[in-house]
Amino acid sequence: MRHIEALSEREMVAAFLKAEIASGRFGSDILTLLRRDGQNRSIIDEPDIRNERENAYRTKLLGDFRGYRQDRELFHAFPEDVCWHRYSLSGVELARVKYIDYSYWNELSGGSRLAVDAARNIRDGAEVFGQSTKGFLDVARTLEVGAKFPELILVGTAPEAELVVLEGHVRLTAYHLVPWCIPDELTAIIGFSPAIVEWVSNEAA
């Protein structure tokens with residue numbers, strides 16, 4: 001991995017929300033929260049990282065949405081001392097990134113939590129809990145016609161340690177369905193904390 005720059009927490013929060021508001025699965029939930037709060041979508045689509053009022057709102061929104069800094073849902077047992085950075089990863093390094101330890105992704109990957117294995121199972125027509133996985137192929141096709149995905153958000157204890165996806169499971173899977181579309185150096189936001197093992201263990205519970 002090649003280090004590019006250090007990032008602030010507010011930059012990670014803004015990137016997380018911007019990626020998820022474009023998601024077919026989560027976008028409507030964020031829009032509902034924005035309407036509840038009388039906020040315009042531009043606070044996510046065009047974030048002003050220098051605006052502390054906006055930053056505070058986005059942090060609260062991510063808390064209401066996924067439990068960030070509220071010790072619940074995705075962020076249950078997530079440490080508060082995470083240091084955020086931007087790195088570039090090679091295709092080989094990307095192939096070693098693991099899914100979160102969660103039943104759906106475990107089943108899709110055959111227990112390995114690796115997107116390369118999930119991609120093979122999807123190509124073979126796998127179903128997960130009775131649901132088709134063809135939607136992943138649709139996302140992968142957008143890469144083939146030139147789509148640019150938001151950066152993945154990953155976490156680990158240290159740069160040399162195992163990395164786990166925090167945000168971007170579908171995108172990670174799509175990359176491995178069409179690996180020839182993976183850039184030579186793919187940038188990602190990565191957070192490090194020795195205490196991240198507690199979050200990983202909690203997700204496995």
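This text walks through three helix pairs and two residues of a predicted model.

Start at the N-terminal end of the numbering, with helices H1 and H2. Helix H1 covers residues 9-21. Its axis comes within 7 Å of the axis of H2, and the two cross at roughly 115 degrees. Angles of 65 to 115 degrees count as roughly perpendicular, and H1 and H2 are therefore roughly perpendicular to each other. From H1, the contact draws on Leu-17, Glu-20 and Ile-21. From H2, it draws on Gly-27, Ile-30, Leu-31 and Leu-34. By class, this contact has five nonpolar residues, one polar and one charged.

Helix H2 also packs on H4. H2 spans residues 27-36, and H4 spans residues 52-66. Here the angle is about 125 degrees, with the axes 11 Å apart. H2 and H4 are therefore oblique to each other. Their crossing is right-handed. On the H2 side, Asp-29, Ile-30, Leu-33, Leu-34 and Arg-36 take part. They meet Tyr-57, Lys-60, Leu-61, Asp-64 and Phe-65 of H4. By class, the H2 contact with H4 has six nonpolar and four charged residues, and no polar ones. Ile-30 and Leu-34 of H2 appear in the contact with H1, and both appear again in the contact with H4.

One residue of H4 deserves a separate look. Asp-64 lies in this helix. Is Asp-64 buried or partly exposed? Its relative accessibility is 23%, so Asp-64 counts as partly exposed. Setting aside neighbours within four places in sequence, Asp-64 is in contact with Leu-33, Arg-36, Gln-70 and Arg-72. Leu-33 and Arg-36 belong to the H2 side of the packing with H4. With Arg-36, the link is polar: the two side chains are joined by a polar contact of 2.8 Å. As a gauge of distance across the model, the C-alpha atoms of Asp-64 and Thr-133 are 29 Å apart, with their positions 69 residues apart along the chain.

Now turn to a strand. His-85 is found in strand S2, residues 83-89. At 18% relative accessibility, His-85 counts as buried, because buried means under 20%. What does His-85 touch, not counting residues up to four places away in sequence? Its contacts are His-3, Glu-5, Ala-6, Leu-7, Ala-188, Ile-189, Ile-190 and Phe-192. With His-3, the side chain of His-85 makes a polar contact of 2.9 Å, side chain to side chain.

The last stop is the pair H7 and H9. Helix H7 runs over residues 115-123 and helix H9 over residues 169-177. They pack at about 70 degrees, with axes 8 Å apart. H7 and H9 are therefore roughly perpendicular to each other. The crossing is right-handed. H7 supplies Ala-115, Val-116, Ala-119, Ile-122 and Arg-123 to the contact, and H9 supplies Leu-172, Thr-173, His-176 and Leu-177. By class, that contact has six nonpolar, two polar and one charged residues.

H7 has buried residues to account for: Ala-115, Asp-117, Ala-118, Ala-119, Asn-121 and Ile-122. Their cover includes H9, along with helix H6 (103-108) and helix H8 (134-144). Ala-115, Ala-119 and Ile-122 are among the buried residues, and these three also take part in the contact with H9. An α-helix has 3.6 residues a turn, so residues three or four places apart point the same way. After H7 comes Gly-125, with a positive phi near 85 degrees.

Definitions and conventions. Residues numbered from 1 in each chain as written. Predicted model: local features only at pLDDT ≥ 70, side-chain atom pairs only at ≥ 80, totals over all residues. Heavy atoms only, no water. Axes fitted to C-alpha atoms, helices over the stretch in contact; angles between N-to-C directions. Helix = DSSP H or I, 4+ residues; strand = E, 2+ residues; numbered from the N terminus. Parallel < 35°, antiparallel > 145°, perpendicular 65-115°, else oblique. Left-handed = near helix turned anticlockwise from the far one by under 90°. Contact = heavy atoms within 4.5 Å. Nonpolar A, V, L, I, M, F, W, Y, C, P; charged D, E, K, R; others polar. Buried < 20%, exposed > 50% of the residue type's maximum accessible area, 1.4 Å probe, protein only. Polar contact = N/O pair within 3.5 Å; in protein donor to acceptor, adjacent residues only side chain to side chain.
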